[in-house]
Amino acid sequence: MNSLRVSHYLNSVTLKRDEVPDFDCYPFSIPAVRELKTLEFHPKLTFFVGENGSGKSTLLEGIAERLGYSIEGGTKNTNLAMGEYRSPLTSRLMLSKTYNRPMDGFFLRAESYYNFASIIDEIGNTWSYGGKSLHQQSHGESFFATLLHRIDGHGVYLFDEPEAALSPQRQLSLLVRLHDLIDEHSQFIIATHSPIILAYPDAWIYQFSESGIERVSYEDTDNFQITRNFLRDPQGMIRKLLRREDERGF
Ligand SMILES: Nc1ncnc2c1ncn2[C@@H]1O[C@H](COP(=O)(O)OP(=O)(O)O)[C@@H](O)[C@H]1O
Ligand SMILES: [Mg+2]
C-alpha cells in the first residue's frame, strides 16, 4: 500500500506517572489507568473493549480533552468549556503526534449525544448534519446523519459505544463508512461492545481489565466468544442461565 494513504495523526498516549498525585484515588485507581505506561495507537483504528466500568470512557475522555474536545463530545467548535480540564487524568496524559495535522475531528459519546444535538440546534448549524434538527431524528438516524454529513475524513475521530444508537444493519453500514473514512486519511479510536464493529480487520484491540490493558485478537475477546457461543445455541444458553438463577432462588 502507498504509504501516503496511511492515515496517522496519533502515535501513542503516555501516562506521566511521576505527575500522578495518588494511584489510590479515582481515576488513577482504575486498573487500566493504574497500570498504564504507553499505549500505541494503530494508524487507522484502535478499539477499546472490556467490562462496564473498566475505564474505557475515562481514558477516551482524557484523550479527547487533550485533543481539545469537551468531555460531553462534539467538535472542537462545540467545546463550550473554556480553560480547565474537567478530568484530572487529562493533564497527566501526553499524546505523541506525527507531523500530519488532522483537518477534521469529532468526539462521539452516546451518553451525551442529546446535549450535543441541543448545542447544534442552538447554534443553527443543522445544515452540516443533514439539514434537519438532530432532535427530530431517531438516535440512530441522527448519529448516521452526523457520520454521513459532518464527518468527512482527514481527521481523528473518537467514538464511545457508537453501537448504542444502531441496529445490526446500521452497524454493518458503520463498518462500510469507517472503511471509506479510513481510506480518506482518517484515524479512529473506538470504545465498543459490538462484536460486529470489532470485526473491522485492520485494527488493534485493547482489552481493559483488572490487570490493566493488553492487546488481544478479535477471536480472543469476550465480545466475540460470548456472542458466538450464544448464537450457536440461544435456547440452550438461556436454559442454562435461567436454571442457574432458579438454583440461586431468583
Ligand atoms: N466521578 C467518579 N468518581 C469515582 N469513580 C468514578 C467516577 N466516574 C466514574 N467512576 C468509576 O470509574 C470506573 C470506570 O468508568 P468508565 O471509564 O466509565 O468505564 P467504562 O467506560 O469502561 O464502562 C467505573 O468503575 C466507574 O464507576
Ligand atoms: Mg463507557
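Good morning. I begin with a residue pair: T14 stands opposite M94, which belongs to strand β4. Please keep in mind that the structure under discussion is a predicted model.

The strands in question are β1, residues 10-15, and β4, residues 93-97. Five bridges join β1 and β4, and the pairing is antiparallel. The wider arrangement is an open sheet of three strands, ordered β2-β1-β4, with antiparallel pairing. At its edges stand β2, residues 38-40, and β4; each has a single partner strand, so one side of each lacks a neighbour in the sheet. On average, neighbouring strands of this sheet are turned by 20° against each other, direction ignored.

Let me now turn to one residue of β4, namely L93. Is L93 buried or exposed? L93 has 21 C-beta neighbours inside 10 Å, and a residue counts as buried from 20 upwards, so L93 is classed as buried. Leaving aside residues up to four places away in sequence, L93 touches V13, L15, G62, I63 and R66. Of these contacts, V13 deserves a comment: V13 and L93 are 80 residues apart in sequence, yet their C-alpha atoms are 6.6 Å apart in space.

My last topic is the ligand. Which residues surround ligand 1? They are Y26, I30, G50, N52, G53, S54, G55, K56, S57 and T58. By class, this shell comprises two nonpolar, seven polar and one charged residues. Helix α2, residues 56-67, gives the most to the shell, contributing three residues.

Thank you for your attention.

Key: Residues are numbered from 1 along each chain as its sequence is written. Chains are lettered from A and ligands numbered from 1 in the order in which they are written. This is a predicted model: local features need pLDDT of at least 70, side-chain atom pairs count only at pLDDT 80 or more; totals for chains, interfaces and linings use all residues. Helices (H or I, at least four residues) and strands (E, at least two) are DSSP runs, numbered from the N terminus. A residue is buried if 20 or more other C-beta atoms lie within 10 Å of its own, exposed if 12 or fewer, and partly exposed in between; C-beta atoms are placed from the backbone. Two residues are in contact if their C-beta atoms, placed from the backbone, lie within 7 Å. Two strands pair if DSSP finds at least two bridges between them. Axes are lines fitted to C-alpha atoms, for helices over the stretch in contact, and angles run from 0 to 180 degrees between N-to-C directions. A residue is near a molecule or strand if its C-beta atom, placed from the backbone, lies within 6 Å of it. Ala, Val, Leu, Ile, Met, Phe, Trp, Tyr, Cys and Pro count as nonpolar, Asp, Glu, Lys and Arg as charged, and the others, Gly among them, as polar.
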